[in-house]
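Here are some exercises to work through at your own pace. Try each task before you read its solution.

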There are 2 protein chains.
Amino acid sequence: MNLLLEAVPEAERRRLAPFLESVTLDMKHVMVEAGEPIRHVYFPSGSVASSVYTMRDGSTVETAITGREGIVGVHVWLRQSVAVTRTFIQVPGECMRMRSDVFLSEVVDAKSPLNDLIAEYVSAYLSLTAITSACNRIHRIEERLCRWLKMVHNRVDGDEFPVRHEFLAYMLGVHRPSVSIAAAILRRAGLIRYEYGHLTVLDAKGLEAGACECYSAMELEFERRFGRQLRK
Amino acid sequence: MNLLLEAVPEAERRRLAPFLESVTLDMKHVMVEAGEPIRHVYFPSGSVASSVYTMRDGSTVETAITGREGIVGVHVWLRQSVAVTRTFIQVPGECMRMRSDVFLSEVVDAKSPLNDLIAEYVSAYLSLTAITSACNRIHRIEERLCRWLKMVHNRVDGDEFPVRHEFLAYMLGVHRPSVSIAAAILRRAGLIRYEYGHLTVLDAKGLEAGACECYSAMELEFERRFGRQLRK
DNA sequence: GTGCCTCTGTACGATAGCCTACAGACTATC
DNA sequence: GATAGTCTGTAGGCTATCGTACAGAGGCAC
């Protein structure tokens, strides 16, 4: 279940239930398109979403990742109708979603307890984006790949999830062969198994050890706000 | 004058005046220290501030820049007592400042018209950080240097401001000699004059032309929200 | 004005990642 | 189970930037 919704008192959760719709979203499903009106906010449970910024030449870089610890559509909470980043499904799975206008009236304006949790999340999301900014500049592909894989691992059920090298290259903002080289190193080190778009984490501790310091810094931003372990 | 304060209706500005204090801050003055309580929010007028993330080994990268178009201390508005980034004065000058607790009671909780403006700015700040994240990853030093210099130019009075290569290196997250090389190219192209920590913009249009697409994307985030030209 | 310190410009070998290309491995489809 | 299409691994030359080093120029303190 989504950690934000889970933290809402039972009574309030019942009140909000009619406004929430359960949807199962496929890989690459676009939840928020850059520059276009945001129709819904999403609360992922087992699914993971990525926010990416796209340059005019089509090159993309991930600026944030959102799983069960957060909400997709922080811009709606900030009363913005559009965002500069596109947010889409990276690991398919279930989400609860709510229409943006309903979210504003029933959660934000109604001062739902959920609203306070989301305020916390928005600031965590901002921190995450700032740390990503520095990490993208400074750290090497291999370290960033370890960080990314472990962060996704922390957000899915089990140790397996679908992902292709080309997709990783979009996320990390690098070329696809560079990802293949880095992934081969992790595979040889016994950290992961990789079979045609399907990744299995074999050594979670090893991945953490191979990740840059940003991994802990990012996960800590959620853990200290919500008092919950995200790392597994 | 700070553009946010300027946009507040006259009567409200008079009401807030007693809570605002004018301060002149020196270069490198730390307004918000990473991980430490935020005492004040600041409204720069001619001064410019940088938010940077610092890695454990001391390497730093700028994640956002704030001048007269914004406020330093968006985290206070998000009801956070700390931030992961440090924000400090990059170009000295005047700022209005307000105590964080007073800001929360008199602006945020009081639903001041200023509060709505700041909400807009917070989302612009988030967009700025996201674009910076991608820019840091993808674009070359020379393009990013042009962008950075022009953004500062847009935020100061006149065409001159103090800055040293080492400082630029911290901002861009690169090594100092790399900055010297890039700066020498701009100097030879007649875009800037540079004399011992003192920079003059000679060809503003040329700088814009040399900057990556992120320059327009970033400034547009403010201009479309506030309906005001920031680029000069 | 002298001496010290800081800042800038440049050099150069090292390296990470780019870019392109291609072959082999796997998958889906019929 | 044949075929076409997709995905992965690798290669190799290229470029941007790193990392280190050092000399000269400008500013500051005495």
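**Before you start.** This is a predicted model, in which local features need pLDDT of at least 70, side-chain atom pairs count only at pLDDT 80 or more, and totals for chains, interfaces and linings use all residues. Residues are numbered from 1 along each chain as its sequence is written, while chains are lettered from A and ligands numbered from 1 in the order in which they are written.

**Exercise 1.** Sort the residues of the surface near DNA strand C by class, and find the helix that gives the most to that surface.

*Solution.*
- Step 1: By class, this surface near DNA strand C has 10 nonpolar, five polar and four charged residues. Here Ala, Val, Leu, Ile, Met, Phe, Trp, Tyr, Cys and Pro count as nonpolar, Asp, Glu, Lys and Arg as charged, and the others, Gly among them, as polar.
- Step 2: In total, 19 residues surround DNA strand C; a residue is near a strand if its C-beta atom, placed from the backbone, lies within 6 Å of it. The closest are Arg140(A), Ser178(A), His165(B), Pro177(B) and Ser180(B).
- Step 3: H8 (176–188) of chain A, H7 (165–172) of chain B and H8 (176–188) of chain B each supply at least two residues. Helices (H or I, at least four residues) and strands (E, at least two) are DSSP runs, numbered from the N terminus.
- Step 4: H8(B) gives the most, with five residues.

**Exercise 2.** Check the span of H8(B), then work out where its buried residues point.

*Solution.*
- Step 1: The expected span of a helix is 1.5 Å times one less than its number of residues. For the 13 residues of H8(B) this should be 18 Å, and the end C-alpha atoms are 18 Å apart, which agrees.
- Step 2: Val179(B), Ala182(B), Ala183(B) and Leu186(B) are buried in H8(B). A residue is buried if 20 or more other C-beta atoms lie within 10 Å of its own, exposed if 12 or fewer, and partly exposed in between, with C-beta atoms placed from the backbone.
- Step 3: These four residues cover an arc of only 100° around the axis, so they sit on the same side of H8(B). The arc is that of the directions from the helix axis to the C-beta atoms.
- Step 4: An α-helix has 3.6 residues a turn, so residues three or four places apart point the same way.
- Step 5: On the face turned away from the buried side of H8(B) are the exposed residues Pro177(B), Ala184(B) and Arg188(B).
- Step 6: The cover over the buried residues includes H6 (141–155), H7 and strand E9 (192–194) of chain B. For this, two residues are in contact if their C-beta atoms, placed from the backbone, lie within 7 Å.

**Exercise 3.** Find how chain A is laid on chain B.

*Solution.*
- Step 1: A turn of 180° and a shift of 0.0 Å along the axis lay chain A on chain B with an RMSD of 0.0 Å. Copies are superposed by least squares on the C-alpha atoms of residues with pLDDT of at least 70 in both.
- Step 2: The two copies are therefore related as by a two-fold rotation axis.
- Step 3: In chain A, the C-alpha of Ser133(A) is nearest the axis, 1.8 Å from it.
- Step 4: The same surface serves both copies, as 100% of the contact residues of chain A recur in chain B.

**Exercise 4.** Is Phe161(B) buried or exposed?

*Solution.*
- Step 1: Phe161(B) is found in strand E8 (residues 160–162) of chain B.
- Step 2: Because Phe161(B) has 21 C-beta neighbours inside 10 Å, Phe161(B) counts as buried.
- Step 3: Leaving aside neighbours within four places in sequence, Phe161(B) is in contact with Val91(B), Val152(B), Val156(B) and Leu199(B).
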